[in-house]
Amino acid sequence: MPMTNSFYFINIIRFTLLVLVQVLVFNRLNFFGFINPMVYILFLYWYPIKENRAFFIGIGFLLGLAIDFFSDTMALHAASTVTIAYLRPAIMRFVFGVNYEFQSFKLSNTTRAQQITFLALLVIAHHVIFFTLEFFSLANLLLILKKVIFTGFATIILCLLFGSLFSARKE
Amino acid sequence: MQQIIRFIIRYKTSLLYIFLLIISLSFTIQSHSYHRSKFFNSANWITGTVYNTSNTISSYFDLDEENEKLIEENKRLRDLLYNKQLTDSIELDTNAINYTIRSAQVIKNSYANPNNYILINKGKQDSIKQDMGVITAKGILGIIEHTSNKFASVQSILNQKSNINAKIKNTNYFGSLVWDTDRYDVVQLEDIPRLVPLLVGDTIVTGAMSSIFPENIPIGTIKKFDLNVSKSFYRIDVELFNDMTNIKNVYVIYNTNRPEVLQLESDIANDQ
C-alpha cells in the first residue's frame with residue numbers, strides 16, 4: 001500500500017480511537033479485580049507489513065507513550081510496544097514462513113490459526129515485558145506469571161473479537 | 001569513519017530500537033525514586049481534559065449513590081456537632097487553624113497496578129500543592145504527587161512507593177503503612193513491636209508523626225497479623241474502610257504548620 005493520504009488518515013484515526021478506547025474503557029475494566037486487557041496492541045497487529053521498519057518502531061514508541069501518559073505507568077507501555085514493533089518481522093517470519101516477504105502477501109489471506117498465533121505471540125511478548133518491568137523484581141515471579149496469563153488471555157480474546165468486528169474492511 | 005557510517009546505516013533499525021528502549025527504561029527506572037519524572041503523569045492538560053470530559057458523562061450514573069454517601073457523612077458530622085457541648089457562638093480564630101480542607105472529585109482511579117495513581121479535578125488554581133493529604137469520608141486515600149493548573153495526581157495508598165505513618169487507635173504504637181500489591185482492599189502495617197497486644201478487628205488510624213495527615217484519620221481494621229522474618233515485629237494485614245474501587249468525592253488536607261515542621265526537621269539534619 002503506498003503512503004497515500006487515506007493511509008495516513010486511517011492510521012491516525014485508528015491510533016486515536018484505540019488509545020481512547022484503551023484508557024477510557026479497558027483500563028477501567030478491572031475484571032476480577034486486576035484484568036485490564038490491552039486492546040491497543042491491535043494497532044501494531046493491523047499496521048501494514050511492508051512499511052518502513054524504523055518508522056514503524058517510532059510509531060510503536062509513540063503509541064506506548066500515549067497510553068503511558070494516560071495511565072501513570074511511566075514509560076512501561078512504551079518499552080513494551082517498541083519491543084514488539086522491533087520483533088514483529090521475526091515473529092511474522094516464524095508464523096507465516098518466508099512468503100510474508102512477497103509483494104502479494106496479505107494478512108487477510110492467511111489462515112485463521114496463523115492469524116491467532118501471530119496475535120498471541122505479539123500479546124505474550126508485550127505482556128511479559130510489561131509486567132516484568134512493572135514489578136521490577138523477580139521476587140514477584142508468580143504474580144507476574146498470573147498477570148501475564150490472565151491479562152494475556154483476555155487481551156487475545158478481545159482483540160480477536162475486535163478483529164472480526166472490523167474484518168469487513170479490506171487491508 | 002566510513003565504516004562507522006556503514007555500520008550505522010546497516011543496523012539503523014536495531015540502533016533506533018535500542019535507543020528508544022533505553023529512553024523508556026531510563027524514564028521508568030528514574031521514576032522508582034520518590035518523585036517521578038515531571039512529564040510522565042496524567043496531571044497535564046491533555047489527559048486531564050479527556051478524563052474530565054468522560055467523567056462529566058459517567059458521573060451521572062452514580063449520583064444517587066454519591067448523594068447517599070454524602071448525606072451519611074453529614075449525618076455523622078452533625079451527630080458530632082450537636083453532641084458536643086458548645087458555647088452559643090463558635091469562635092473562629094484564623095491563627096488557630098491547623099488544617100485547611102478543600103474538596104475535589106476523582107476523575108480517574110486505578111487499583112489493579114502495583115503503582116496506582118488517582119487523578120482529581122483540582123490543581124494549582126485551587127491552591128493544591130505537592131504533599132497534601134487526600135482523604136474520603138471513610139478514610140485515608142493518598143498524597144498529592146503532581147499538580148498542573150487544573151488537575152492533580154494522587155499517589156494512592158495502593159502504591160509500592162506509598163509509606164504512611166499509622167498507629168493502633170487509642171495507643172501510641174505506630175508503624176508504617178505499605179502495600180504488597182496483592183489485594184486492593186488490604187494494605188500492610190509494619191514495624192509494630194512484638195510486645196504490643198493486638199486483636200483482630202482493632203482499628204488502625206493515621207499517626208501523629210506525619211506532617212501531612214492529621215492524627216486519627218481512620219484507615220482500616222486488623223484482618224490478620226504475623227511476626228515478620230526477624231520475629232521481633234508484627235506484619236499486620238489491614239482491611240481498608242475505603243472501597244478503593246468506588247471513590248468520587250474527596251477532601252484535600254493541608255497542614256498549615258507543615259513548613260515549620262519541615263524547617264525544624266531540616267535544621268536537625270543540618271546539625272548532625
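# Helix packing within chain A and against chain B

Helix H4(A) bends by about 45 degrees at Leu87(A), and Pro89(A), a proline, follows within four residues. The exercises below use this predicted model.

## Exercise 1. Describe the length and the end of H4(A).

Task: find how far H4(A) reaches from its first C-alpha to its last, and state which residue follows the helix.

Solution.
- Step 1. H4(A) has 21 residues.
- Step 2. At 1.5 Å a residue, the expected reach is 30 Å.
- Step 3. In the model, the helix reaches 29 Å from first to last C-alpha, which is close to that expectation.
- Step 4. The residue that follows H4(A) is Gly97(A), and its phi is positive, near 75 degrees.

## Exercise 2. Describe the packing of H1(A) and H3(A).

Task: state whether H1(A) is roughly parallel or antiparallel to H3(A), and list the residues that meet.

Solution.
- Step 1. Helix H1 of chain A covers residues 5–24, and its axis lies 10 Å from that of H3(A), at an angle of about 30 degrees.
- Step 2. Angles under 35 degrees count as roughly parallel, so H1(A) is roughly parallel to H3(A).
- Step 3. The crossing of H1(A) past H3(A) is right-handed.
- Step 4. From H1(A) come Phe15(A), Val19(A), Gln22(A) and Val23(A); they meet Leu63(A), Ala66(A), Ile67(A), Phe70(A) and Ser71(A) of H3(A).
- Step 5. Sorted by type, the residues of this contact are seven nonpolar, two polar and no charged.

## Exercise 3. Describe the side of chain A that touches chain B.

Task: find which helix gives the largest share of this side, and sort its residues by type.

Solution.
- Step 1. The contact joins 28 residues of chain A to 27 residues of chain B.
- Step 2. H3 (53–71), H4 (76–96) and H5 (112–135) of chain A each supply at least two residues of the touching side.
- Step 3. H3(A) gives the largest share, eight residues.
- Step 4. By type, the touching side of chain A has 17 nonpolar, seven polar and four charged residues.

## Exercise 4. Compare how H3(A) and H4(A) meet H2(B).

Task: for each helix of chain A, find the direction relative to H2(B), the handedness of the crossing and the residue types.

Solution for H3(A).
- Step 1. Helix H2 of chain B spans residues 12–30; its axis and that of H3(A) come within 9 Å and cross at roughly 15 degrees.
- Step 2. At that angle, H3(A) is therefore roughly parallel to H2(B).
- Step 3. H3(A) passes H2(B) in a right-handed crossing.
- Step 4. Among the residues of H3(A) in this contact are Ile57(A) and Phe61(A), and those of H2(B) include Leu16(B) and Tyr17(B).
- Step 5. The contact has six nonpolar, one polar and two charged residues.

Solution for H4(A).
- Step 1. The axes of H4(A) and H2(B) come within 8 Å, crossing at roughly 160 degrees.
- Step 2. Angles over 145 degrees count as roughly antiparallel, so H4(A) is roughly antiparallel to H2(B).
- Step 3. This crossing is left-handed.
- Step 4. Residues of H4(A) in the contact include Val82(A) and Tyr86(A), and those of H2(B) include Leu21(B) and Leu25(B).
- Step 5. The contact has nine nonpolar, three polar and no charged residues.

Key: Residues are numbered from 1 along each chain as its sequence is written. Chains are lettered from A and ligands numbered from 1 in the order in which they are written. This is a predicted model: local features need pLDDT of at least 70, side-chain atom pairs count only at pLDDT 80 or more; totals for chains, interfaces and linings use all residues. Two residues are in contact if their C-beta atoms, placed from the backbone, lie within 7 Å. Ala, Val, Leu, Ile, Met, Phe, Trp, Tyr, Cys and Pro count as nonpolar, Asp, Glu, Lys and Arg as charged, and the others, Gly among them, as polar. The expected span of a helix is 1.5 Å times one less than its number of residues. The bend at a residue is the angle between axes fitted to the seven residues ending there and the seven starting there. Axes are lines fitted to C-alpha atoms, for helices over the stretch in contact, and angles run from 0 to 180 degrees between N-to-C directions. Angles under 35 degrees count as roughly parallel, over 145 as roughly antiparallel, 65 to 115 as roughly perpendicular and the rest as oblique. A crossing is left-handed if the near helix is turned anticlockwise from the far one by less than a right angle, and right-handed if clockwise.
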